[in-house]
Amino acid sequence: MEVIKAKSAGFCFGVKKAMETVYQQIEENANKPIYTFGPLIHNEEVVKELKSKGVEVVDSVEELKALKDGIVIIRSHGVSKDIYKIMEDNGITCVDATCPFVKRIHKIVDKESALGKKIIVIGNDGHPEVEGIKGWSNTPAVVIEKEEEALEFSCKLDEKICIVSQTTFNYNKFKELVEIFEKKGYDISVVNTICNATEERQTEAKKIAAEADVMIVIGGTHSSNTRKLYEICKNECENTHFIQTLDDLNLELPKSVRLVGITAGASTPNNIIEEVQNYVRINF
Ligand code: F3S
């Protein structure tokens, strides 16, 4: 039996950078309170480890407003403009670990909306990255996730629209939704802001899943990019398992299984992936 681990499995560039930032802060500021605004990544193991090193999670804007000192690290998802303002007003040191690809979206949204354009974000409403992006728009932004929402959308035909995407959105779905807006005859400019890391991870996962008899997707249950990876793999390979850590893996592999594929979401630490890979290699 062969085990193939996707090369693109695990931490992406932005998450690696955010992790490095936090560890650097722990080293340099041992005597100051350190917080992350929201859990640093969607991985409970990592959040637990950081807590053991004294890094607390600030979970809401109210909690943030109540802080009077310390360092707050902005995670790779980014935040809206007003969050920076709250920190500045409260004298909190802000360490910005927003992924540069997300920062790029903030800049586009800020600039285009300042020109009067309506901003459409293709993504999952309520996801922190999308909330952050919306918070850079100078005009009310609209979030579109499903075909029905795109079909229902209407605005004046002379209104200019700028469409961006959540970085982890599925590329094909993005294209389909953009086509709906194009067909409606709106004056739109489209910026594909889907991150390459996601596209690459999705394409590679799809390819491996198409050949695999069993596919294992590792990641946090709250991680939207891991859930999408799971959907893609499940479409190709009926026998797809979604696990957070090795403990969740209940595999019984029949002798006919020739190929097991493994991939993991952007917030899955390498040691968890290695553990699963070694377990499957040794036990089957
Ligand atoms: Fe950044 Fe892409 Fe990762 S946007 S956080 S490198 S998935």
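**View 1. Phe153 and its aromatic partners in the predicted model.** In this predicted model, Phe153 is buried, with a relative accessible area of 9%, and Phe181 likewise counts as buried, at 0% relative accessibility. The two ring centres lie 5.4 Å apart and the planes stand at 70 degrees, so the pair of Phe153 and Phe181 is edge-to-face. Distant parts of the chain are linked by this pair, since Phe153 sits in the loop between α7 (147-152) and β8 (160-165) while Phe181 belongs to helix α8, 28 residues apart. Together with Tyr186, Phe153 and Phe181 form one aromatic cluster.

**View 2. The tilted pair of Phe13 and Phe101.** Six aromatic pairs are counted in the model, and one of them, formed by Phe13 and Phe101, is tilted, with 5.8 Å from centre to centre and 50 degrees between the planes. Phe13 lies in helix α1 (residues 13-28) and Phe101 in helix α5 (residues 100-114), 88 residues apart. Phe13 is partly exposed, with a relative accessible area of 48%, and Phe101 is partly exposed at 42%.

**View 3. The largest pocket, with a volume of about 340 Å³.** Of its 13 lining residues, Asn170, Asn172, Gln202, Lys206 and Ile232 are the closest to the centre. Helices α8 (171-183), α9 (196-211) and α10 (224-236) each supply at least two residues of the lining, and α10 gives the most, with five. The lining divides into two nonpolar, five polar and six charged residues.

**View 4. The second largest pocket, with a volume of about 260 Å³.** Among the 15 residues that line this pocket, Phe37, Arg75, Val79, Pro128 and Glu131 lie nearest its centre. Helix α6 (residues 128-134) gives the most to this lining, with three residues, and the lining comprises six nonpolar, six polar and three charged residues.

Key. Residues numbered from 1 in each chain as written. Predicted model: local features only at pLDDT ≥ 70, side-chain atom pairs only at ≥ 80, totals over all residues. Heavy atoms only, no water. 1 Å grid on protein atoms, 1.4 Å probe; cavity = no way out; pocket = protein on both sides within 12 Å on 5 of 7 lines; lining within 4 Å. Points joined across faces, edges and corners; volume = space filled by probe spheres on them. Helix = DSSP H or I, 4+ residues; strand = E, 2+ residues; numbered from the N terminus. Nonpolar A, V, L, I, M, F, W, Y, C, P; charged D, E, K, R; others polar. Phe/Tyr/Trp six-rings, centres within 6.5 Å; stacked < 30°, edge-to-face > 60°. Buried < 20%, exposed > 50% of the residue type's maximum accessible area, 1.4 Å probe, protein only.
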